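This report looks at side-chain pairings and burial in one protein chain, and at how those pairings relate to its helices. Please keep the sequence and the structure in view while reading.

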Amino acid sequence: MTIFPPPEPDPTALRQSLARLRARHGWSYDQLAARSGLSRRTLIEIEQGRTIGTLATWHALAHAFNIPLGELLAPLCADHEPPHPAD
């Protein structure tokens, strides 16, 4: 059995997805910061690609948008299939 390394995640797709979600809800950075408990600066830096954030950051964002964390992180696999459960 040949084992291949996983494909590289796509952080650009992730940050663009965050920007689209925020726009879809009509929220400013300040409004998302208030709903997520994150700083406005953190949100701006994520959307501008200066940082990727931590798992705790994305967890807070998932709660702010009221969506599952997996759904929020799905854009990381935008250019490839995510892994499937083992049979």
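## Salt bridges and the helices they join

Arg-40 is partly exposed, with a relative accessible area of 41%. The model in which this residue is described is a predicted one, and the values below should be read with that in mind.

Arg-40 forms a salt bridge with Asp-30, in which the closest N and O atoms are 3.2 Å apart. Since Arg-40 belongs to helix α3 and Asp-30 to helix α2, the pair ties together parts that are 10 residues apart in sequence. Asp-30 is likewise partly exposed, at a relative accessible area of 48%.

This bridge belongs to a set of three salt bridges found in a search of the whole structure, and the table lists them with their N to O distances.

| Basic residue | Acidic residue | N to O distance |
|---|---|---|
| Arg-22 | Glu-47 | 2.7 Å |
| Arg-40 | Asp-30 | 3.2 Å |
| Arg-41 | Glu-45 | 4.0 Å |

The bridge between Arg-22 and Glu-47 runs from helix α1 to helix α3 (residues 40-47), so parts that are 25 residues apart in sequence are tied together by the pair. Arg-22 counts as buried at 14% relative accessibility, and Glu-47 is also buried, with a relative accessible area of 10%; in this classification a residue is buried when its relative accessible area is under 20%.

The bridge between Arg-41 and Glu-45 lies within helix α3, where the two residues are four apart and therefore separated by about one helical turn. Arg-41 is exposed, with a relative accessible area of 61%, whereas Glu-45 counts as partly exposed at 23%.

## Aromatic rings

Besides its salt bridge with Glu-47, Arg-22 has its charged end over the ring of Tyr-29, at 3.9 Å from the ring centre. Tyr-29 is itself one of the buried residues of α2.

Which two residues form a stacked aromatic pair? The structure holds one aromatic pair, and its members are Trp-27 and Phe-65, whose ring centres are 5.3 Å apart and whose planes meet at 10°. The pair links distant parts of the chain, since Trp-27 is in the loop between α1 (11-25) and α2 (29-36) while Phe-65 is in helix α4 (residues 55-65), 38 residues apart. Both partners are buried, Trp-27 with a relative accessible area of 10% and Phe-65 at 4% relative accessibility.

## The two faces of α2

The buried residues of α2 are Tyr-29, Leu-32, Ala-33 and Ser-36. Viewed down the helix axis, these residues fall within an arc of 105°, so they line one face of α2. They pack against α1, α3 and α4, while the face turned away from the buried side carries the exposed residues Ala-34 and Arg-35.

Just after α2, Gly-37 takes a positive phi of about 80°. The C-alpha atom of Gly-37 is separated by 40 Å from that of Ile-3, a residue 34 positions away along the chain. Ile-3 is placed in the segment before α1 and is exposed, with a relative accessible area of 70%.

Methods
Residues are numbered from 1 along each chain as its sequence is written. Side-chain values use heavy atoms; hydrogens and water are left out. Rings of Phe, Tyr and Trp (its six-membered ring) pair if their centres lie within 6.5 Å; planes under 30 degrees apart count as stacked, over 60 as edge-to-face and the rest as tilted. Buried means under 20% relative accessible area, exposed over 50%, partly exposed in between (1.4 Å probe, protein chains only). A charge sits over a ring if NZ of Lys or CZ of Arg is within 6 Å of the ring centre and within 35 degrees of the ring normal. A salt bridge is a side-chain nitrogen of Lys or Arg within 4 Å of a carboxyl oxygen of Asp or Glu. The arc is that of the directions from the helix axis to the C-beta atoms. Contact means heavy atoms within 4.5 Å.
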